[in-house]
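Visitor: I am new to reading structures, and I would like a close look at a single part. Could you take me slowly through the place where the chains meet?

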Amino acid sequence: MRRVYLDSNATTPVRPEVVAAMMSVLTEHFGNPSSIHWFGQHAKSMIDDARQHVARLINAEVSEIVFTSGGTEADNFAIRGIAESQKAKGRHIITSKIEHHAVLHTCQDLEKQGYEVTWIPVSRDGVVDASSVRRALRPDTILITIMHANNEIGTVQPIEEIGRIAEEADVYFHSDGVQSTGKIQVDVRKLKVDLYSISSHKIHGPKGAGALFVRKGTILKPLLTGGGHERNRRSGTENVAGIIGFGQAAKMARESLTSDMARVAELRDLLETALKSRIEFIQVNGENAPRLPNTTNIMVDYAEGEGLVISLDLKGVAVSTGSACSSGSMEPSHVLTAIGKTPDEAHGSLRLSLSALTTREDVEYVIEVLPGIVERLRDLSPYYKKV
Amino acid sequence: MIAVAMSGGVDSSTAAVLLKEQGYDIVGLSMQLWNQRRRLPGEESASEEQELKRSGRCCSIDDIWDARRVAAHLDIPYYVLNLEDEFEKTVVSPFVKSYLAGETPSPCILCNNYVKFHHLVERAAQIGADTVATGHYARVRYDETRGRWLLLRGKDGRKDQSYFLFGLTQEQLSKTVFPLGELSKPEVREIARGAGLPTFDKPESQEICFVQSRSYGDFVEQYAGIGHDKSGSIVNTQGDVVGEHSGIHRYTVGQRKGIGAAGKPQYVMQIEPQLNQIVIGEDARLHRKRFALRDANWIAIEDIAEMDGPLRCDVQIRNRFEPRPAAVWMENGEVLVEFDAPQRAITPGQAAVFYWDDVVVGGGWIKS
Ligand SMILES: Cc1ncc(COP(=O)(O)O)c(C=O)c1O
């Protein structure tokens, strides 16, 4: 069966060059980077190279990159690290209603511990209004955490503007850049963020590796204590293979970002236009907002997202829906709820996310199979009456 | 394409094996029915430690893990469908209401009627599967002369599950296959072993899935949020108060309840929800011939109202019960059943299923 992968916001295929780089670590360069000897030194220098690649991708200094086990840890580290280090100053945090669970649940956990969190709403197009962040500031605000690009609908937030607000107010600013990195230009200096999360597996690297950008001078309490790795910021023997793969992926993402993403945007637009013309009653979420070039989130009226995803999978097409059964129960996504969608609308949503490895044939195949699937689901829907 | 409802047990797994061997295009579906982590209204509010303990628990009642392993082993597409809302509305909530109304409910039958053979079938159709297979021990056959789909007992009489399927409509039967209908349990285990299923020797679960380790009584109280204090009187057949009960939902007709004045064992004869009262009496008085039925479903015949004269058949009034001859007829809009000989403990809330030998004629719920 033909297999088409359009779920790149969930994870991406690992590039062959990344696999090759990792293989050398797994087979030859197995040393512990903390060791004095040749084996250790070699591993250490490979990590340094990787750190440079990751730093360059977001215009950071090498010393500002802390490797973690992924985006989730980076988010936790940033938020909990600031919450702990700044608690004498205050216990107020500002975030948005459309954050990834890694941020959302971390903030909720801090609420239970006595922190106060202001949840900034978004427009119907899925964008935070920077001025509402300014209005939410208080003397005891210690952290603003607003994601750069949303993983479900792909909307890009006004991080630069919020960065200026945070700088003026002298409040730490974290942004979850897991989805934006590798898809749009990221310059942490321009964005004026103090902390920025990245994940390897969203940019064709391996899973279980990521990084937190920590601006020089940022006071952050470590999550993990131990041997004092990563300049005392994150203890634990490094996931060398993962980090090397991440570095290689970051290098390749930077080299080809402009051309790859121009092509991806073109394919995404082709997909959206074709689907809109072939299927009635569909809407694109966040259509009028600045968006990632690779993501389209469509709402298919009179069809269940779950039925769409499974039917597509049976035809070899991998996508996802806005009602994740993540905790076992069928909850409409908080992101779609935040942009004003009803649970029914959210259940009918479909996210298609492309990557640099997506081909025109992939997109054409989806354009060919999806309309028939929607039609079958609608024929079975008691609410759908053809006009 | 055939959708196989996979619970993770040996039976449904083997059903998938058989269909795959027969060359059908199949897809495995499991149902997420109940969230074990969920706190019921009547459960004490949990401490953080309890919350954490809860979070280590699996959120599913069906052994979805096992089903997934089996599907991977068979290399078939497999999905978990979330049917929690449907399950709660059509099974759990009626289960609790039924106990509180003094009945003894049969949630597995409700689950079959509403969740498996209605909602699951609907979802299967959405993904392009026009037929659903389950691991029930029962048989479906089309009868040309009657022009009807028939439901028959499974060939292995000891494992037969047709009793739980009496609510299937003609439409549902026409879209259902029971691949184990002709097999015995040992044969099924043998097939499972032969196919290398990771679960071939898994024991069968007998519990009602959502109740799990609680007692039914505790579950009913916690779900309804009614607390423990539902006590009331136990009376004898003369109406004298002879004791106190701990909530009518904790009793079932026929259950033994103490020793009477004459030294004879006493049994629950009747549960009276309006009076919050339980009537006990001697075993001999538990035997009756006649009862009324509600929500009847007819399979082998069009409708009881169309019959001239009473329907003669054998009637089964609980899961483990040898069917006994009876007459069934309509009177004043009500279906009445009368056994030829008195039967012990005809229990409201249980299903009564009518048979002609192996053929299920129809069935309904015992009303009174
Ligand atoms: C916006 C966002 N933040 C954080 C994460 C978590 O990253 P990881 O999977 O590396 O833990 C994801 C991944 O789904 C994401 O999309």
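Guide: What follows is a walk across the interface of chain B and chain A, with a short look at the ligand afterwards.

This is a predicted model, in which local features need pLDDT of at least 70 and side-chain atom pairs count only at pLDDT 80 or more, while totals for chains, interfaces and linings use all residues. Residues are numbered from 1 along each chain as its sequence is written, chains are lettered from A and ligands numbered from 1 in the order in which they are written, and side-chain values use heavy atoms, with hydrogens and water left out.

At the interface, 17 residues of chain B are in contact with 15 residues of chain A, where contact means heavy atoms within 4.5 Å. Together the two chains bury about 1,200 Å², and 59% of this lies on carbon and sulfur atoms; buried area is the accessible area (1.4 Å probe) that two parts lose on being put together, summed over both.

Side chains of opposite charge can pair when their charged atoms come close. Across this interface the rule finds one salt bridge, that is, a side-chain nitrogen of Lys or Arg within 4 Å of a carboxyl oxygen of Asp or Glu. Glu306(A) and Arg123(B) form a salt bridge, with their closest N and O atoms 2.5 Å apart. The rule also finds six residue pairs in polar contact across the interface, both residues at pLDDT 80 or more; a polar contact is a pair of N or O atoms within 3.5 Å, and within protein one must be able to donate a hydrogen and the other to accept it, while residues adjacent in sequence count only if both atoms are side-chain atoms.

On the side of chain B that touches chain A, strand E2 (26-32), strand E3 (78-82) and helix H5 (107-126) of chain B each supply at least two residues, and the largest share, four residues, comes from E3(B). Helices (H or I, at least four residues) and strands (E, at least two) are DSSP runs, numbered from the N terminus.

Turning to the ligand, a polar side-chain atom of Asp176(A) lies 2.6 Å from one of its nitrogen atoms. On the side chain of Ser199(A), an N or O atom is 2.6 Å from an oxygen atom of the ligand, and for His201(A) a polar side-chain atom lies 2.8 Å from an oxygen atom of the ligand.
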